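Q: Could you take me through the metal site in this model, one step at a time? I would also like to hear about the ligand pocket.

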Amino acid sequence: MNVPHCIFCRIARHEAPAYILCEDAHSLAFMDINPASPGHALVIAREHAVNIFDVSAPALAAVMATVQRVALAVNAAFLPDGLSIIQSNGPGAAQSVLHFHMHVLPRSFEDGLPINWLLRPGERRAIEAAADRIRAAL
Ligand code: 5GP
Ligand code: ZN
């Protein structure tokens with residue numbers, strides 16, 4: 001299903017401009033218009049799914065394959081210090097475009113992007129209790 005006014009659906013239909021990198025039946029890759037670092041690209045599902053909670057399994061598989069293809073190319077083209085794959089779901093995760101997408105984000109030691117965290121050991125019983133809650137929901 002395509003949503004008429006969704007910007008990423010419009011890019012997928014070639015109705016809105018984008019620097020497209022590659023596309024296939026289920027996925028599409030293009031440059032982010034507000035790059036957080038040089039080479040920042042996006043990979044979207046061609047179908048209109050909002051996020052990880054409703055994207056179809058075939059679209060998700062295609063997106064992941066394209067993410068790897070684009071990550072290899074970005075890595076070869078920009079030789080970054082590292083590369084983060086980021087995917088946000090919902091307002092608490094600051095998802096700003098409500099069409100499923102993954103960020104392919106080249107990183108440098110100096111970029112200061114606020115997405116890294118320090119490793120602090122958790123409390124074992126709290127981790128186990130969290131695992132119990134998730135297993136019950138699987
Ligand atoms: P989110 O915040 O949802 O994880 O990421 C959405 C991304 O889409 C942002 O990085 C933003 O710069 C990018 N974006 C928003 N609108 C457009 C657009 O019209 N064209 C392109 N190429 N990127 C967009
Ligand atoms: Zn859409």
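**The zinc site**

A: Happy to! The zinc ion (ligand 2) is held by four protein donors, Cys6 (SG), Cys9 (SG), His48 (ND1) and His99 (ND1), at 2.0 to 2.3 Å. Donors here are N, O and S atoms within 2.8 Å of the metal (3.2 Å for Na, K and Ca); water is not among the atoms, so sites may look incomplete. This is a predicted model, where local features need pLDDT of at least 70 and side-chain atom pairs count only at pLDDT 80 or more, while totals for chains, interfaces and linings use all residues. Residues are numbered from 1 along each chain as its sequence is written, chains are lettered from A and ligands numbered from 1 in the order in which they are written, and side-chain values use heavy atoms, leaving out hydrogens and water.

Because the angles between the four donor atoms run from 104 to 117°, the arrangement is tetrahedral (four donors with all angles between 85 and 135 degrees). Along the sequence, the donor residues follow the spacing C-x2-C-x38-H-x50-H. Cys9 and His48 are both buried, meaning under 20% relative accessible area (1.4 Å probe, protein chains only).

Now for ligand 1. A polar side-chain atom of His103 lies 2.9 Å from one of the oxygen atoms of ligand 1, and an N or O atom in the side chain of His101 is 3.0 Å from an oxygen atom of ligand 1. A nitrogen atom of ligand 1 is 3.4 Å from a polar backbone atom of Ile33. Taken alone, ligand 1 exposes 520 Å², and the protein buries 82% of that.

Definitions and conventions: Tetrahedral: all angles 85-135°; square planar, octahedral: opposite > 155°, others 65-115°. Buried < 20%, exposed > 50% of the residue type's maximum accessible area, 1.4 Å probe, protein only. Polar contact = N/O pair within 3.5 Å; in protein donor to acceptor, adjacent residues only side chain to side chain. Areas by Shrake-Rupley, 256 points an atom, 1.4 Å probe, with all protein chains shown as cover.
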